Amino acid sequence: MESESFYGVTLSEKEPIAQFDVPDIPEEYIVHSHKLIIKQISLGPDAKSGEFNVVQAETNINDDGEKKTVKIPIAVLKVGETRSLRPNVEFPNGSVTFKLVQGTGPVYVCGKAEMNFGEFDDGYINEDYTDEEEDSELEFDEDAAPQTNGKSNKKK
């Protein structure tokens with residue numbers, strides 16, 4: 001089963017930090033994947049002229065089995081030059097912190113959170129797939145003439 005939800009935050013001088021955490025899932029479900037996708041970052045109408053507004057994302061990654069924190073700017077906005085970006089950046093399987101590291105904003109960050117999960121039943125994931133399919137039902141006739149547009153090429 002898949003679930004999507006809207007995500008949006010406002011970063012400003014008064015509130016320069018916003019945290020996205022993976023939501024709690026009921027115990028009867030197992031999460032196969034979860035990601036946050038940032039679709040748009042925009043300057044608000046009250047942003048100061050000539051001021052750069054820099055949004056930084058901070059997240060943890062696994063690098064060869066070692067957890068590392070990555071901090072990287074994902075948007076540099078300025079009134080009169082760039083008021084809006086569509087970065088389409090994805091953050092898989094974890095929390096993300098957005099921070100206004102320069103400027104006073106307001107800066108709007110929006111996107112969607114996607115989650116793919118299935119039911120968890122007594123420690124087993126239900127699967128109806130078997131590797132031993134009966135191939136004998138499908139036979140290929142090597143002597144049959146190829147067909148074109150649903151009609152046989154055989155001459156009458």
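Which strands each supply at least two residues of the lining of the largest pocket? Keep that question in mind while moving through this predicted model, beginning with the sheet and ending at the pocket.

Select the open sheet to start with: four strands form it in the order β2-β8-β4-β5, and their pairing is antiparallel. At its edges are β2, residues 17-20, and β5, residues 66-78, each of which pairs on one side only. If you look along the sheet from one strand to the next, the twist averages 25°. As general background, the strands of a sheet pair through backbone hydrogen bonds, in either a parallel or an antiparallel manner.

Next, narrow the selection to β4, residues 52-63, together with β8, residues 96-102, two strands that run antiparallel and are joined by six bridges. Within this pair, display T59 and look across to β8, where V96 stands opposite.

Keep T59 displayed, since the tour now turns to the largest pocket, whose lining includes this residue. To show the whole lining, select T59, N60, I61, N62, K67, E90, F91, P92 and N93; the space in this pocket comes to about 180 Å³. Colouring the lining by residue class gives three nonpolar, four polar and two charged residues.

Finally, colour the lining by strand, which settles the opening question: β4 and β7, the latter spanning residues 89-92, each supply at least two residues. Of the contributions to this lining, that of β4 is the most, with four residues, so that the strand bridged to β8 is also a part of the pocket wall.

Methods:
Residues numbered from 1 in each chain as written. Predicted model: local features only at pLDDT ≥ 70, side-chain atom pairs only at ≥ 80, totals over all residues. Heavy atoms only, no water. Pairing = 2+ DSSP bridges. Axes fitted to C-alpha atoms, helices over the stretch in contact; angles between N-to-C directions. 1 Å grid on protein atoms, 1.4 Å probe; cavity = no way out; pocket = protein on both sides within 12 Å on 5 of 7 lines; lining within 4 Å. Points joined across faces, edges and corners; volume = space filled by probe spheres on them. Nonpolar A, V, L, I, M, F, W, Y, C, P; charged D, E, K, R; others polar.
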